[in-house]
Amino acid sequence: MLRNPGYLKTLAFCALIGIPVSLAAYWFLVMLHELEHVLWADLPHAMGLDAPPWWWPFPLLLVAGTVVGLVATHLPGGGGHVPASGLHTGGSSSAALPGVLLAAVASLPFGAVLGPEAPLIALGGGLALVFRDLAKAPATPQSVALLGAAGAAAAISAIFGNPLIAAVLLIEVAGVGGPQLFAVMLPALLSSGVGSLVFTGLGRWVGLETGELSLKLSTPLPRLDVADVLWALALAVALAVVLHPLLAGARLIASYVTARPLVRTVLCALGAAACADLYSLITGRSPVQVVSSGQSTLAALASDPHAWGVGALLAVLLFKGAAYALCLGSLRGGPVFPALFLGAAVGVLLSPLPGLGVVPAMAAGMAAASAVTLRLPVSSVVLVVLLLGSAAMMPVVILAAVVAFVIAELLPAGPAAS
């Protein structure tokens, strides 16, 4: 295959595509990050409030639900696939891009309990096909698959802060094997590497943030012992048993929304807002801890896990989990970041168990929750190891991901998302 001139030309084109796609993804993430800061920090301060009050999510998520419902009803592509169905690489098109971007901008900064990875995949894949058409390159089935994967990898590499996880994620999401896997892997890895260079250089030059996911743990990584491993296995089973019905519920919500997209999307968005409001009223803590992806809250949890009492952890798991299911079935975004937060919160909650440390518990929780939610065990392992910045927790990460994945696969599948 590498001796095929057509494949080599496609490989070179993928490297070139990585540059404009990465630029577009960078500014898209900057826009989301800045808009979220305006809505949840600057605007309350401008109104004389020290922090968003308990009712703050209601008007913002009302806007989100209305816009996403209108996009799903009237624009080509319906704003992208419903996140309850998982991550997908197929179906990217230039015609669907406006709706995907509009739905993402309406969902993510306004408080949807989702991450940006699904819109980034659609953005990268769609732009790659746009550039192919501009270059008048041949539109063969192979080139469509390769360029879509390369563009998606270039776009998504930034939010995870590492081109490796982008390439691994795209391999598993594409679900291919054998020679086809090799053919998709090289363009994806090459394009994501180019994209990472562009993000690094551009970020240092302009000094703006995109909100990439990274953790700063408050303590050095400990050595694992037998108790950590055994508790990690139990934690993985528990998360699989709990998250599996939550995801099945999200798929039921997606089917419910399909019949009347506008009205029912608004109702689900307001339901997610109610979860955040109740959490704030009951705990006295900020509703921001329930809404949005949980990216910044995860970093705060990792840096100071002891700042969360048992009651606060139970409440955030309950209300954020419910809001997550509602958003998965109605709004637009990706499932990764909220799953990581929920897994980490379960780990912190159970860390007082005899012999279980906070860091191993968080690592196992994040790996298990990610594997159950995404059904991508290899990507889950790589993602959590890269987040921790060390391979010291890799044994419990691998065990938790594999056990949780197997348990989730053995449980009844439940309804499919519409």
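In this predicted model, helix α8 (residues 226–259) packs against helix α9 (residues 261–283) at an angle of about 140°, and the two axes sit 6 Å apart. That angle falls short of the over-145 range that would count as roughly antiparallel, so α8 and α9 are oblique to each other. On the α8 side, the residues involved are Ile253, Tyr256, Val257, Thr258 and Ala259, and they meet Pro261, Arg264, Thr265, Leu267 and Cys268 of α9. Sorted by class, this contact has 7 nonpolar, 2 polar and 1 charged residues.

Helix α9 also packs against helix α2 (residues 57–74), and here the axes come within 8 Å and cross at roughly 155°. With a cut-off of 145 degrees for the label, α2 is therefore roughly antiparallel to α9. The crossing of these two helices is right-handed. From α2, the contact draws on Pro57, Phe58, Leu61, Leu62, Gly65, Thr66, Val68, Gly69, Leu70, Ala72 and Thr73. Facing them from α9 are Pro261, Leu262, Thr265, Val266, Ala269, Leu270, Ala272, Ala273, Ala274, Ala276 and Asp277. The tally for α2 with α9 is 16 nonpolar, 5 polar and 1 charged. Pro261 and Thr265 turn up here, and both also belong to the α9 side of the contact with α8.

Back on α8, there is a further partner in α15. The axes of α8 and α15 come within 8 Å and cross at roughly 35°, in a right-handed sense. Here α8 puts in Asp228, Val229, Ala232, Leu233, Ala236, Val237, Ala240 and His244, while α15 brings Val396, Leu399, Ala400, Val403, Ala404, Ile407 and Ala408. By class, the residues of this contact divide into 13 nonpolar, 1 polar and 1 charged.

Helix α15 (residues 394–410) carries Glu409 as well, and this residue forms a salt bridge with Arg375, with the closest N and O atoms 2.8 Å apart. The count for the model comes to 1 salt bridge. Arg375 lies in the loop between α13 (358–374) and α14 (377–388), so the pair ties together parts that are 34 residues apart in sequence. As for accessibility, Arg375 has a relative value of 25% and so counts as partly exposed. Glu409 is partly exposed too, with a relative accessible area of 45%.

The helix just before that loop, α13, holds Ala369. In contrast to Arg375, Ala369 has 0% relative accessibility and so counts as buried. Setting aside its neighbours within four places in sequence, Ala369 is in contact with Leu239, Leu243, Ala339 and Gly343. Ala369 can also be placed relative to His244: the C-alpha atoms of the two residues are separated by 9.7 Å, although they are 125 residues apart along the chain. His244 is one of the α8 residues that meet α15.

Stepping back to the whole chain, the protein has 15 helices and 0 strands. Of its 418 residues, 53% count as buried. Among contacts between residues at least 6 apart in sequence, 82% join residues at least 24 apart.

Terms used: Residues are numbered from 1 along each chain as its sequence is written. This is a predicted model: local features need pLDDT of at least 70, side-chain atom pairs count only at pLDDT 80 or more; totals for chains, interfaces and linings use all residues. Side-chain values use heavy atoms; hydrogens and water are left out. Axes are lines fitted to C-alpha atoms, for helices over the stretch in contact, and angles run from 0 to 180 degrees between N-to-C directions. Helices (H or I, at least four residues) and strands (E, at least two) are DSSP runs, numbered from the N terminus. Angles under 35 degrees count as roughly parallel, over 145 as roughly antiparallel, 65 to 115 as roughly perpendicular and the rest as oblique. Contact means heavy atoms within 4.5 Å. Ala, Val, Leu, Ile, Met, Phe, Trp, Tyr, Cys and Pro count as nonpolar, Asp, Glu, Lys and Arg as charged, and the others, Gly among them, as polar. A salt bridge is a side-chain nitrogen of Lys or Arg within 4 Å of a carboxyl oxygen of Asp or Glu. Buried means under 20% relative accessible area, exposed over 50%, partly exposed in between (1.4 Å probe, protein chains only). A crossing is left-handed if the near helix is turned anticlockwise from the far one by less than a right angle, and right-handed if clockwise.
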